[in-house]
Amino acid sequence: MTIFFDPDFITADDQHYFNEGRFYQLSRKLGAHPHPQGIHFAVWAPNARFVSVMGDFNGWDSHSCPLRAVGNSGIWAGVHPYARLHQAYKFHIESHHLGYHVDKADPVAFYAEQPPKTASV
């Protein structure tokens, strides 16, 4: 599955203010957002060596849709062309530390599944 990077979605200015701690509207750039070519996903995972998005759109495959690190901001991002609104998803994050990996709900998601399910929507 090909995820592509859109350098115009998270700009150099966004990264600058984010790194300074002065980017006050994180939910406008992080999370999942409609994009003309699919859904744009972004998450802050500064200690990750690998981040991907998985969900209803890729059979919950944790490695088929890798995101790309955005500069030195700790943000990982990409556009998934087959993702659509109202689909469940999570971020798969692999750390540099001792092979730790985890599937995480989106901390800035607009919606979440009803418990006991734990994905973002």
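The following legends describe close-up views of a predicted model.

**View 1. Four strands form an open sheet in the order E1-E2-E5-E4.**
The pairing within this four-stranded sheet is antiparallel. Strands E1 and E4 stand at its edges, and each of these two pairs on one side only. From one strand to the next, the twist averages 30 degrees.

**View 2. Strand E2 is joined to strand E5 by six bridges.**
Strand E2 covers residues 38-44, and E2 and E5 run antiparallel. Two partnerships may be picked out in this view. Phe 41 has Gly 78 of E5 as its bridge partner. Trp 44 has Ile 75 as its bridge partner in E5.

**View 3. Strands E4 and E5 form a hairpin with four residues between them.**
Strand E4 comprises residues 68-70 and pairs with E5 in the antiparallel sense. Three bridges hold this pairing. Val 70 of the hairpin stands opposite Ile 75 in E5. In the turn lies Gly 71, which has a positive phi of about 55 degrees.

**View 4. Strand E5, residues 75-80, is mostly covered.**
Six of the six residues of E5 are buried. The covering applies to both faces of the strand. On one side are Ile 75, Ala 77 and Val 79, and on the other side are Trp 76, Gly 78 and His 80. Two of these buried residues have already appeared in the pairing views: Gly 78 is the bridge partner of Phe 41, and Ile 75 is the bridge partner of Trp 44.

**View 5. A second open sheet contains three strands in the order E3-E6-E7.**
The pairing in this sheet is antiparallel. Strand E3 (48-55) and strand E7 (101-104) are the edge strands, each pairing on one side only. The twist in this three-stranded sheet averages 20 degrees from one strand to the next.

**View 6. Four bridges join strand E6 to strand E7.**
Strand E6 consists of residues 89-95, and E6 and E7 run antiparallel. Within this pair of strands, Glu 94 stands opposite His 101 in E7.

**View 7. Glu 94 and Arg 49 form a salt bridge.**
The closest N and O atoms of the two residues are 2.8 Å apart. This pair links distant parts of the chain, since Glu 94 lies in strand E6 and Arg 49 in strand E3, 45 residues apart. The two partners may also be described by their accessibility. Glu 94 has a relative accessibility of 9% and therefore counts as buried, the cut-off for this term being under 20%. Arg 49 counts as partly exposed because its relative accessibility is 48%, and the term exposed applies over 50%.

**View 8. Lys 29 and Asp 14 meet through their side chains in a salt bridge.**
The N to O distance in this salt bridge is 3.0 Å. Lys 29 lies in the loop between helix H1 (12-20) and strand E1 (31-35), whereas Asp 14 lies in helix H1, so the pair ties together parts that are 15 residues apart in sequence. Both Lys 29 and Asp 14 are buried.

**View 9. Glu 20 and Arg 22 form another of the three salt bridges in the structure.**
The closest N and O atoms of Glu 20 and Arg 22 are 2.7 Å apart. Glu 20 is partly exposed, with a relative accessible area of 42%. Arg 22 also counts as partly exposed, at 42% relative accessibility.

**View 10. The largest pocket holds about 220 Å³ of space.**
Rolling a probe the size of a water molecule over the atoms shows where empty space is left. The lining of the largest pocket consists of 16 residues. Ala 32, Leu 85, His 86, Phe 110 and Val 121 are the lining residues that lie nearest the centre of the pocket. Strands E1 and E2 each supply at least two residues of the lining. E1 gives the most, with three residues. By character, the lining residues divide into twelve nonpolar, three polar and one charged.

Notes
Residues numbered from 1 in each chain as written. Predicted model: local features only at pLDDT ≥ 70, side-chain atom pairs only at ≥ 80, totals over all residues. Heavy atoms only, no water. Pairing = 2+ DSSP bridges. Axes fitted to C-alpha atoms, helices over the stretch in contact; angles between N-to-C directions. Buried < 20%, exposed > 50% of the residue type's maximum accessible area, 1.4 Å probe, protein only. Salt bridge = Lys/Arg side-chain N within 4 Å of Asp/Glu carboxyl O. 1 Å grid on protein atoms, 1.4 Å probe; cavity = no way out; pocket = protein on both sides within 12 Å on 5 of 7 lines; lining within 4 Å. Points joined across faces, edges and corners; volume = space filled by probe spheres on them. Nonpolar A, V, L, I, M, F, W, Y, C, P; charged D, E, K, R; others polar.
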